[in-house]
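User: I have a structure to go through with you. Please take my questions one at a time and show the reasoning.

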Amino acid sequence: MKIEWAALGSVFGVSLIATVGLVGLFTLGIVGLTKRESAAAEGGSAPLAVTGAYACFAACAAAVAYGIYLIVA
């Protein structure tokens, strides 16, 4: 049995980058919603932060759906 170390390292690197990117994107979404709550407490609104947060969550959902599609197909 021969292990292709280059292919294994490539899979590891792509998985690591995708995971860190997805977690970072989700974190940006949470930060955007936090900005909305702090703006609401001060009597204002933060429509750009909310729109960005929803865009981050939509991108996360799309990435997860694409991953499921790759596994199932």
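**Surface patch and overall form**

Analyst: A starting point: with four residues, helix α2 (residues 47–72) gives the most to the nonpolar patch. Keep in mind that this is a predicted model.

User: What accessible area do the residues of the nonpolar surface patch have together?

Analyst: The patch is formed by Leu 22, Val 64, Ile 68, Ile 71 and Val 72. It lies on the surface. Together these residues have an accessible area of about 500 Å².

User: Is Val 72 buried or exposed?

Analyst: Val 72 sits in helix α2. Its relative accessible area is 68%. The cut-off for exposed is over 50%, so Val 72 counts as exposed.

User: And Ala 62: which exposure class does it fall in?

Analyst: Ala 62 also has its place in helix α2. Its relative accessibility is 47%. Buried needs under 20% and exposed needs over 50%. Ala 62 therefore counts as partly exposed.

User: How many Å separate the C-alpha atoms of Ala 62 and Trp 5?

Analyst: Along the chain, Ala 62 and Trp 5 are 57 residues apart. In space, their C-alpha atoms are separated by 30 Å.

User: What is the radius of gyration of the protein?

Analyst: The protein has two helices and zero strands. Its C-alpha trace spans about 65 × 25 × 15 Å along the principal axes. A compact globule of 73 residues would have a radius of gyration near 11 Å. The protein has 18 Å.

User: What percentage of the residues count as buried?

Analyst: The accessible surface comes to about 5,700 Å², with 75% belonging to carbon and sulfur atoms. Of the 73 residues, the share that counts as buried is 11%.

Note on methods:
Residues numbered from 1 in each chain as written. Predicted model: local features only at pLDDT ≥ 70, side-chain atom pairs only at ≥ 80, totals over all residues. Heavy atoms only, no water. Patch = residues over 30% accessible without salt bridge, like charges linked within 9 Å, V, L, I, M, F, W, Y side chains within 5 Å. Areas by Shrake-Rupley, 256 points an atom, 1.4 Å probe, with all protein chains shown as cover. Salt bridge = Lys/Arg side-chain N within 4 Å of Asp/Glu carboxyl O. Buried < 20%, exposed > 50% of the residue type's maximum accessible area, 1.4 Å probe, protein only. Rg over C-alpha atoms; globule rule 2.2 N^0.38 Å.
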